[in-house]
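Reader: Please take me through one part of this model closely. I would like to look at the largest pocket and what lines it.

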Amino acid sequence: MQTDDQFSLPFAINRRRFLIAGAGATAAVVAGCSNGDGQPTTDPTDTATTETTMADSVPADTTIAAQPLSAAAAALLAPGSPGLMDEATYQARVDEFLAFATTVDHSSNPSGINAHLGLAHRDPDYEWNIDGVTLESLAAVFAQIDAWEDTRDFRFMDLHWMLALGQGDTPMTTLSPEVIAAIDERMIANRYRYNDPLPADRLDNLWFWSENHLIINLAIEYLAGQRYPDETFAVTGLTGAEHLERSKPGIIEWITERADLGFFEWHSNVYMLKNVTPLLMLAELADDPEIVTAAAMGLDLALVDMAAHNHSGGYTAPRGRTYKKDKMSSLDEDTFGTAKFVFDDTTEQYPSTSDTGVTYFASAKRYRPPQVVVEIATDEAPSVVRERHGVYFDGSSPLEDNPVAPYGKDFSDPANLSFWWSLGALGMWPLAEVGVATMDEFRLWETSQFAEINLLAQLNDYDPAKIRVWE
């Protein structure tokens, strides 16, 4: 499936085939999806090509070719279907987490607000301080967004869920019109890409280029375009429908890259959660069945990666990208709550009442993890995991003109810059010219995220020829 000059994932395959394509040796287990009792529903040795519509993993004797997708909700098998996590177990874990998460007011924390909204949707008798969610209580969130600060894309994911959960038909599921309007305003005013027009009097401090930020920004742009198809977005002048159209190919490409090239922020106990949350958000909130199914495929693969390295809720693997706050104890890992919710192999309590991963799972209606992923995580037998992460290029190789880039990702093409920078290649000499040109054009030197890079460039007079040699 993988070639030297391109990566290509046929999206006419179903979720089971996607796991086979992307999970390496683990797929030998995943190939035989099991039901809630751990019994295989398909032959693990079956490798025949599936020429059907995109659908969930299904029992071998089920015909799906004559069942065209009619709505996003039908893109995945219904919760409780064979091969998926036991639904009674899933719902019990939702009840457990929401009972814990809603012990805190959370009027200023969008993720916590979503926990309260989620419980209010489940329990008509539940009451909480929904009137405490105001423009004032959310002032810090809105200020971060308005200033175009880093990680505001994380906040937008929570706000998309607030829109989905906070416009219900009961008092406890209906946020104030002022709050809804403030969210709408910011969705339309946001700058979603580093190469979108940049006003002369503003800087954008968001780090757009890491693996997780790429999919998050694509996802929030897509859902904003879906929500406001006829509105003109302030930064680009494009309509919402045009934003939706331009973000869809990037979402598909990102998921395809994970199948072919693995996770660039490999086994990260911080950023794997930031892959899980945008994919789950798309699977739940997107209206396009193709996006729903693709997101479910990517989410399956993220959970397989966690499951293959799971021990008592801990992400027990060497990793790229983590922090002291996450690696002193498994309880501090950002992925711990999601692992506890899905795998349930630890007696430790949830560390956070505002865990975004578990909060999103608690309101999920469409997506359920494959049962086999749970079995991989909890299997006590020794195992071997074969995997790949990233793209190899020898950055210490001698300078040359027009170096050949792996996978056809031409170093000189600005369209490929995000791909290479997501691999951490900011300091790789083949990218010096396109990197400097991009930093000049969009005034990245002046942003807080590029402060140290700016110092290094100053040493070489911002000259790409000197920077190539220096690097």
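Author: By class, ten nonpolar, seven polar and seven charged residues make up the lining of the largest pocket. Here Ala, Val, Leu, Ile, Met, Phe, Trp, Tyr, Cys and Pro count as nonpolar, Asp, Glu, Lys and Arg as charged, and the others, Gly among them, as polar. This is a predicted model: local features need pLDDT of at least 70, side-chain atom pairs count only at pLDDT 80 or more, and totals for chains, interfaces and linings use all residues. Residues are numbered from 1 along each chain as its sequence is written, and side-chain values use heavy atoms, with hydrogens and water left out.

The volume of the largest pocket is about 590 Å³, taken as the space filled by probe spheres set on grid points joined across faces, edges and corners. Its lining has 24 residues, and Arg193, Leu214, Leu218, Ala415 and Ser418 are the closest to its centre. A pocket is an open set of points on a 1 Å grid over the protein atoms alone, where a 1.4 Å probe fits, with protein on both sides within 12 Å along at least five of seven lines; lining residues have an atom within 4 Å of a point. At least two lining residues come from each of helix H8 (211–227), helix H9 (240–261) and helix H16 (417–422). Helices are DSSP runs (H or I, at least four residues), numbered from the N terminus.

Now the confidence. The chain has a mean pLDDT of 88, with 85% of its residues at 70 or more. pLDDT is the predictor's confidence in each residue, from 0 to 100. Residues 1–12 have pLDDT below 50. Residues 24–70 are also below 50. Where pLDDT is low, the predicted coordinates should not be read in detail.

Methods. Contact = heavy atoms within 4.5 Å.
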